[in-house]
Amino acid sequence: MEGGVVATQGGVCVDLTKMDRIIEVHPENFTATVEAGVTRISLNEYIRDTGMWFPIDPGADASLCGMAATSASGTNAVRYGTMRENVVNLEVVLADGRVLHTQGKGRATKKTAAGYNLTNLLVGSEGTLGIVTQATLRLYGIPEAMISAVCLFPDIRSAIDTVVQTMQCSIPIARIEFLDEASIDASNRYSNLNQKLAPTLFLEFHGSKLSVQEQADAVGAIVSENGGSDFQWALKFEERKKLWKARHDLYYAGKASIPGAHAYSTDVCVPLSKLSEVLTETKKDVDAAAKFLKGHLVGHVGDGNFHVLIAYDPNLPDAVDKLHDLVDKINRRALAHGGTCTGEHGIGLGKRKYLAEELGEVNLDVMRSIKTALDPNHIMNPGKKIP
């Protein structure tokens, strides 16, 4: 998303898609080990009969080792965490050809205090420290019941207050996604939904039949207290699939909102206490630039993470400049409110300029030292991640 795979200095692109073996599955240990080319959907199809699944869902049928290299997450992260919490061990080929097993070869314990946490060092490293060739992942039992719902709110604040109060009540909600009016309008047109144009939450509950009803009742009471609408239910598999496909297709829906448009997507993450304010101010910035572009706010708001999907006509005078100005405002506002310039998309090329402000020079010096220690000739995805 941020130019992480662009070879700015030339080079060799390594295609690992044919390394597609599922090495082993241990339902009793809640783990599976896969090669670099195995995708999320193919793993879940393979292990379905064991009663297990891997819930991290970035939307695309991405390769699991690629998801590890980028620390991917998605709509289920509020319940199940990101790739960082769900990678147990990695096999990584280093720049000098040595093969590293980050938790030790063949090991997949739930807990370890042995040595440095090299697994989390490599997760999210964006190919700058080594090539991930194998991953051992944490699995979960498939929930007995899953139900989804939609509810509308009079404004952004009431929707986000609902999210914060749901989290404060320790309700184990599986998905809680925010869509603004522009996102709903785009989804109605592109994905054939029929939702009113209002700040909206898409929700999903996982558990036993009894527990999902208890969760839904508790969240419903919170929604009502914040002026939200009654739930519109998606109970059948086909209904849930349509709802979440529409959510995952928002990039394409937003792009289609302007004929012949180009699309740009950026993401930030802020503390939940700042989320309502930051979203509201971002919405004002998007509306102010409406002459030049069309922005759509959508977020994994249970984590404080949101995206702005921007459609623009590159032939329109000043549109590209307005786009870059808007993206810069979004990132700097997140940093000013104690957040991060990226919750999911990564740094790549596009966000290197924000790292010094976010992390500080000491942090960057340590990162450069790690990079040089593992890749002294800087041959692994050069020019990315660290300014």
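Two strands pair if DSSP finds at least two bridges between them. Helices (H or I, at least four residues) and strands (E, at least two) are DSSP runs, numbered from the N terminus. The model is predicted, so local features need pLDDT of at least 70 and side-chain atom pairs count only at pLDDT 80 or more, while totals for chains, interfaces and linings use all residues. Residues are numbered from 1 along each chain as its sequence is written, and side-chain values use heavy atoms, with hydrogens and water left out.

**Exercise 1. Work out which strands β4 pairs with, and whether β4 is enclosed or open.**

Step 1. Start with strand β6 (residues 131–138): β4 pairs with β6 in the antiparallel sense, over 6 bridges. In this pairing E91 stands opposite Q134 of β6.

Step 2. Turn to β5, which runs antiparallel to β4 and is joined to β4 by 3 bridges. V93 has V99 in β5 as its bridge partner.

Step 3. Look at the hairpin of β4 and β5. There are 5 residues between the strands, and G97 takes a positive phi near 95 degrees.

Step 4. Check burial, where buried means under 20% relative accessible area, exposed over 50%, and partly exposed in between (1.4 Å probe, protein chains only). Strand β4 (residues 87–93) is largely enclosed by the rest of the structure, because 6 of its 7 residues are buried.

**Exercise 2. Place Q103 and decide: buried or exposed?**

Step 1. Find Q103 in the loop between β5 (99–101) and α5 (118–122).

Step 2. Q103 counts as buried because its relative accessibility is 16%.

Step 3. List the neighbours, taking contact as heavy atoms within 4.5 Å. Leaving aside residues up to four places away in sequence, Q103 touches V88, N89, A108, T109, T112 and T119.

**Exercise 3. Trace the order of the 7-strand sheet and see which helices lie across its strands.**

Step 1. Write down the order: β11-β8-β10-β9-β13-β14-β12, an open sheet with antiparallel pairing. The edge strands, each pairing on one side only, are β11 and β12 (262–269). From one strand to the next the twist averages 20 degrees.

Step 2. Zoom in on one pair. Strand β9 (residues 175–179) and β10 run antiparallel and are joined by 5 bridges, with I176 opposite L203 in β10.

Step 3. Add the helices, with axes as lines fitted to C-alpha atoms (for helices over the stretch in contact) and angles from 0 to 180 degrees between N-to-C directions. Helix α6 (residues 156–168) lies across β9 and β10 and runs at about 170 degrees to β9. Helix α11 (residues 272–288) lies across β9, β13 (293–300) and β14 (305–312), at about 5 degrees to β14.

Step 4. Now take helix α7 (residues 181–191), which is mostly covered, with 8 of its 11 residues buried. Among the buried ones are I184, D185 and N188. The cover includes β9, β10, α9 (237–248), α10 (250–255), α11 and β13. Just after α7, N192 takes a positive phi of about 60 degrees.

**Exercise 4. Find the largest nonpolar core and one that lies apart from it.**

Step 1. Define the object: a nonpolar core is a set of buried Ala, Val, Leu, Ile, Met, Phe, Trp, Tyr and Cys residues joined through side-chain atoms within 4.5 Å.

Step 2. The largest such core has 43 residues, and F178, L201, L203 and L279 have the most contacts inside it. Apart from it lies another core of 31 residues, including L64, Y80, V87 and L122.

Step 3. Follow L201 outward. Not counting residues up to four places away in sequence, its contacts include F153, V163, I176, F178 and V301.

**Exercise 5. Classify two aromatic pairs and find a charge over a ring.**

Step 1. Set the rule: rings of Phe, Tyr and Trp (its six-membered ring) pair if their centres lie within 6.5 Å; planes under 30 degrees apart count as stacked, over 60 as edge-to-face and the rest as tilted.

Step 2. The structure holds 6 aromatic pairs. One of them, F205 with F231, is tilted, at 6.5 Å centre to centre and 50 degrees between the planes. This pair links distant parts of the chain, 26 residues apart: F205 is in strand β10 (residues 200–207), and F231 is in the loop between α8 (209–225) and β11 (232–234). F205 counts as buried because its relative accessibility is 0%.

Step 3. Y251 and Y252 form an edge-to-face pair, 5.4 Å centre to centre with 85 degrees between the planes.

Step 4. For the charge, NZ of Lys or CZ of Arg must be within 6 Å of the ring centre and within 35 degrees of the ring normal. R175 lies over the face of W244, at 4.4 Å from the ring centre.
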